[in-house]
Amino acid sequence: MSTPCHTHYDKKEDIIVRHGQVKFTLWNKDPSENKAEGTVEVKINRKLQTKQSGQSFVLNEGERITLTSGIWHEFAPTGGEALIGEVSTFCNEETDNIFANKRIDIFQAPEADEKVAVPCC
């Protein structure tokens, strides 16, 4: 499972790998509309690094990445299970999430794949 490729107009987020390994891919432009070229400036473990746009890299347990607005990104566990934490600025879910796949609708009602075993209310 991977997060869908997206960016934010305003949100700044720190993704912290709490367990396992997580593969990240960053782009400087919408990859659904542009060829991956150039670089992306990003802080990893609080140090500014330059990454190739569209080229994946792995963060290990205990490492963190700071994603600022305009950096297109997706990430997924690699080599087994992983746990991440996110610390971010406010995000208006209705206006601040831009997905490369325009068909993604985060407000679409989920379809249950199993019956409810214990109702919450």
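Strands are DSSP runs of E at least two residues long, numbered from the N terminus; the names β3 and β4 below follow that numbering. The model on display is predicted.

**First stop: the loop between β3 and β4**

Select N45, which sits in the loop that joins β3 (39-44) to β4 (47-52). The phi angle of N45 is near 55°, a positive value in a residue other than glycine. Most residues other than glycine have a negative phi. N45 is partly exposed, because its relative accessible area is 31%.

Next, select R46, found in the loop between β3 and β4. R46 is not a glycine, yet it has a positive phi of about 70°. With a relative accessible area of 65%, R46 is exposed.

**Second stop: I65**

Move to I65, in strand β6 (residues 64-67). Is I65 buried or exposed? Its relative accessibility is 0%, so I65 counts as buried. To display its surroundings, select E13, D14, I15, F24, L26, V42, K43, I44, F57 and L59; I65 is in contact with these residues, leaving aside its neighbours within four places in sequence. Then draw a distance from the C-alpha of I65 to the C-alpha of D113: the two residues are 48 apart in sequence and 33 Å apart in space.

**Third stop: the largest pocket**

Turn to the largest pocket, with a volume of about 200 Å³. The elements that give two or more residues to the lining of this pocket are β1 (6-8), β7 (72-88) and β8 (97-99). Which residues lie nearest the centre of the largest pocket? They are H6, H8, K11, N97 and F99, from a lining of 13 residues. By character, the lining of the largest pocket divides into five nonpolar, four polar and four charged residues.

**Fourth stop: H6**

Keep the pocket in view and select H6, one of the residues nearest the pocket centre. H6 belongs to strand β1. At 9% relative accessibility, H6 counts as buried, because buried means under 20%.

Show the side chain of H6 together with P4 and H8. The H6 side chain reaches the backbone oxygen of P4 at 2.7 Å. The side chain of H6 also makes a polar contact with the side chain of H8, at 3.5 Å. Leaving aside neighbours within four places in sequence, the residues in contact with H6 are E13, I71, W72, H73, I98 and F99. Of these, F99 has already appeared among the residues nearest the centre of the largest pocket, and E13 has appeared among the contacts of I65.

**Last stop: the cysteines**

A disulfide is a covalent bond between the sulfur atoms of two cysteines. How many disulfides does the model contain? With a cut-off of 2.5 Å between cysteine sulfur atoms, the count comes to zero. Select C5, which is in no disulfide; the nearest cysteine sulfur, that of C91, is 15 Å away. C5 has a relative accessible area of 9% and is therefore buried.

Finish at C91. Why does the sulfur of C91 form no bond with that of C5? The closest cysteine sulfur, in C5, is 15 Å from the sulfur of C91, which is too far for a bond. C91 also counts as buried, because its relative accessibility is 13%.

Methods:
Residues numbered from 1 in each chain as written. Predicted model: local features only at pLDDT ≥ 70, side-chain atom pairs only at ≥ 80, totals over all residues. Heavy atoms only, no water. 1 Å grid on protein atoms, 1.4 Å probe; cavity = no way out; pocket = protein on both sides within 12 Å on 5 of 7 lines; lining within 4 Å. Points joined across faces, edges and corners; volume = space filled by probe spheres on them. Helix = DSSP H or I, 4+ residues; strand = E, 2+ residues; numbered from the N terminus. Nonpolar A, V, L, I, M, F, W, Y, C, P; charged D, E, K, R; others polar. Buried < 20%, exposed > 50% of the residue type's maximum accessible area, 1.4 Å probe, protein only. Contact = heavy atoms within 4.5 Å. Polar contact = N/O pair within 3.5 Å; in protein donor to acceptor, adjacent residues only side chain to side chain.
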